[in-house]
Amino acid sequence: MAIKCYENLTTEIKKLFKLDTKNTSYVMAVVDEEMFLGHVYYGALLNDYHLGHILRTGEIPFVPSKNNRDRGAFLDTFPMEYPAHGLGDYREDCISIETESGNTGLSLQFVSAEIISGKPALSGLPATFSGNASSDGSVSCGDKEDCSSLEIICEDSSTGLRAALLYTVFEDCDVITRSVRVINGGEKAFYLKRVFSACLDMDNKDFEVVSLHGGWARERQLQRVPVSHGKFSVESLRGESSHQDHPFAALVTKGTGQEQGEVYAMHFVYSGNFKISVQNDQFDQVRMVMGIHPEDFKWQLKPGEEFQAPEAVLVYSGEGLGRMTRTFHDFYRKHLIRGIYKDKKRPILINNWEATYFDFNTEKLIGIAREASRLGIEMLVMDDGWFGKRNNDDCALGDWTVNEEKLPGGLKYLADEINKLGMKFGIWLEPEMISPDSDLYRAHPDWAIAIPGREGTLSRHQYVLDLTREDVLEHTWESISKVLQSANIEYVKWDMNRQLTDIGSAILPAERMGELYHRYVLGVYELQRRLTEQFPNVLLENCSGGGGRFDPGMLYYSPQIWCSDDTDAIERLKIQEGTALIYPLSTMGAHVSDCPNHILGRTVPFETRGHVALSGTFGYELDVTKISGEERDMIPEQTAMYHKYNDLVREGDYYRIASYRENHYFDCCGVVKKDKKEALFTFVQVLGRPNYHSRKICFKGLAPEKYYRIEGEDGVYTGDVLMKAGYLVQNLTGDFKSRLIHIVETEEANG
Ligand code: DGJ
């Protein structure tokens with residue numbers, strides 16, 4: 001049983017909940033007459049439950065029932081499972097409200113707990129699920145009980161607010177998920193001003209915080225900083241999870257590397273504003289919280305109403321960041337990603353964005369497709385510019401009717417012609433947006449998110465549609481479904497090219513304006529829910545000006561997400577390293593593009609571009625009719641390489657050997673098949689070095705006792721030798737050079 005409850009362990013410990021996965025334990029306890037819910041422990045699996053002493057309840061006078069005189073000191077010290085605002089816990093709290101009389105204080109006391117088999121769905125929100133999604137893409141939460149849940153109800157007796165804290169234990173995956181539902185069980189309405197989804201209170205262990213920061217074309221760069229007194233936060237107020245910050249943070253003990261050290265990671269299954277805060281307090285206790293960003297958030301809850309906060313995924317690793325990574329990869333592959341492509345190879349696509357930008361027509365696209373199909377490419381994706389009068393990015397978003405001047409015969413003719421070439425056809429959409437220069441805006445200027453009476457802030461010359469409105473949402477859905485019904489469209493790239501500003505709505509009443517950001521995200525989720533349910537055979541790839549909305553919320557709807565507009569293979573090493581820290585390689589949209597690279601101006605060998613894109617979904621972003629014959633001739637080899645290795649890349653265990661981000665010279669990472677019979681490592685020599693010998697690489701993840709050979713070479717090595725003594729990669733002359741190292745099990749030992 002993964003969840004156990006122990007009663008009356010000591011006079012102070014009234015109840016103790018122990019949640020066990022294969023290798024971890026998570027422990028909470030209800031203490032004192034006042035029934036505070038304390039956080040006792042999260043970490044390596046414990047074989048005993050007698051650990052109430054960790055709460056320091058023995059340090060009398062401590063708990064309020066014994067020393068109410070120092071209640072404030074208790075509240076500001078006690079490791080709370082879900083800290084509430086304003087009564088004495090001065091650390092970052094998880095929940096605060098504003099009552100009709102303007103008061104904000106809250107105190108949550110344990111009321112009851114229930115163990116549930118499986119995992120309940122979170123209303124309106126993407127979330128991890130129990131069981132495997134069936135191959136038709138449908139998911140029924142709780143249909144196969146490979147997890148169990150604990151719901152703890154805590155209450156604030158003064159307002160009647162109840163917090164239902166949901167914990168799900170994915171025993172085999174070593175993952176615990178958390179979420180919170182707030183219920184107004186009182187008689188008066190109140191505003192929810194803050195509702196975080198997870199909190200971890202721990203004594204400081206010389207922690208550092210690992211997070212992912214960035215910008216457009218520089219998404220998810222790894223950062224590591226020491227935890228110091230005060231607060232460190234990672235946050236987005238941009239209406240999306242953003243290029244700039246990522247809803248992920250991990251506390252790691254000093255010296256943590258790929259294989260050693262303790263890691264406490266949290267990842268947020270949400271695509272809007274978020275905040276993660278890490279605080280080291282006066283007693284050297286560290287609190288890490290994660291949830292919807294409280295700024296500009298204010299949700300009215302009338303008596304009987306509920307608010308469901310999104311889910312946080314918690315992973316503990318006692319074996320460094322590498323173990324954390326593999327835990328997230330396995331978990332997301334099994335319990336978050338859905339649809340018919342969940343476990344399948346994706347078609348190799350060619351996207352015309354960098355090939356043509358807005359300057360294309362049917363003839364040009366068919367020309368590209370004809371050549372591409374001959375080279376082994378399997379799908380043509382028509383990017384931005386096919387609708388309305390969109391010949392540049394100044395106009396027409398919202399006018400989702402085909403531009404017949406560019407595409408005579410419409411989408412159907414084009415899709416049919418592409419299909420005749422034996423290729424699939426995919427399309428770009430940006431459904432959440434509206435250009436001021438569009439028929440839609442001329443008809444409905446009030447459909448844009450804007451502050452009435454104030455000129456809206458343009459970004460890429462566009463506004464964001466107010467998806468909190470039912471009429472706008474229904475119209476948007478109608479437009480999407482009309483497009484998808486009009487031709488044989490088998491792939492959608494769902495883009496979002498600006499962040500939210502001017503938070504205002506023509507119809508939301510003043511008391512609900514603080515709900516706009518979250519309601520907007522719920523609108524996006526609703527549209528993507530409809531798309532995935534009503535068009536289950538369409539492969540959806542989310543995108544936001546590159547990788548601005550690469551988050552677990554989006555991953556619930558689309559099995560792959562465009563990683564970055566920066567397609568330069570060398571910059572991609574860093575972007576893909578940060579992304580793969582949490583996300584399976586099968587999710588990372590990665591393409592071979594033209595050189596000099598359109599963003600950086602750098603020229604990288606075609607072979608290296610292929611090797612780097614192979615660690616993602618793989619595809620092309622260039623005009624195959626225009627590249628050199630030499631490069632074109634390499635494409636059939638690359639597409640064959642994709643087919644040869646993609647099962648391994650998609651399903652294997654990921655290991656990072658060396659990081660260009662750290663050493664500035666070379667990069668090496670790869671995947672090992674679950675049965676350890678095969679592995680593929682990608683080695684990139686970013687900068688060549690004069691007068692330098694070969695580089696010794698110690699692989700990881702192999703079976704020490706197995707014999708292996710390296711494809712294309714003589715010699716047999718044991719896994720033990722390859723991992724401890726290493727393998728010599730000969731110096732590759734020049735910069736930006738790469739090679740794949742394919743390791744295959746063999747029966748024979750060296751002669
Ligand atoms: C941003 C995307 O990341 C690009 O790939 C491309 O689709 C453009 N938008 C089109 O506007």
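**View 1. The residues that surround the ligand in this predicted model****.** Of the 13 residues around the ligand, those that come nearest are D383, D384, K493, D495 and D565, where a residue is near a molecule or strand if one of its heavy atoms lies within 4 Å of it. By class, the shell divides into 4 nonpolar, 3 polar and 6 charged residues, with Ala, Val, Leu, Ile, Met, Phe, Trp, Tyr, Cys and Pro counted as nonpolar, Asp, Glu, Lys and Arg as charged, and the others, Gly among them, as polar. Residues are numbered from 1 along each chain as its sequence is written, and side-chain values use heavy atoms, with hydrogens and water left out. Because the model is predicted, local features need pLDDT of at least 70 and side-chain atom pairs count only at pLDDT 80 or more, while totals for chains, interfaces and linings use all residues.

**View 2. Polar contacts of the ligand with R460, K493 and D495****.** A polar contact is a pair of N or O atoms within 3.5 Å; within protein, one must be able to donate a hydrogen and the other to accept it, and residues adjacent in sequence count only if both atoms are side-chain atoms. An N or O atom in the side chain of R460 is 2.8 Å from an oxygen atom of the ligand, and one in the side chain of K493 is 2.7 Å from an oxygen atom of the ligand. On the side chain of D495, an N or O atom is 2.7 Å from a nitrogen atom of the ligand. Of the 290 Å² of accessible area that the ligand has on its own, the protein covers 99% (Shrake-Rupley method with a 1.4 Å probe; for residues, only the protein chains shown count as cover).

**View 3. An open sheet of 9 strands with parallel pairing****.** The strand order is β29-β28-β27-β26-β23-β22-β21-β31-β30, and the edge strands, β29 (588-589) and β30 (592-593), each pair on one side only. Strands are DSSP runs of E with at least two residues and helices are runs of H or I with at least four, numbered from the N terminus; two strands pair if DSSP finds at least two bridges between them. Strand β27 (residues 539-542) runs parallel to β28 (residues 560-562) and is joined to it by 2 bridges, and the bridge partner of N542 in β28 is I561.

**View 4. An open sheet of 6 strands with antiparallel pairing****.** Its strands follow the order β32-β33-β34-β39-β36-β37. Because β32 (653-658) and β37 (716-718) stand at the edges with a single partner strand each, one side of each is left without a neighbour in the sheet. Strands β36 (residues 707-710) and β39 (residues 737-746) pair in the antiparallel sense over 4 bridges, and Y707 has T746 as its bridge partner in β39.

**View 5. The cis peptide bond between C595 and P596****.** Omega of this bond is about -5°, and P596 is found in the loop between β30 and α11 (606-614). Most peptide bonds are trans.
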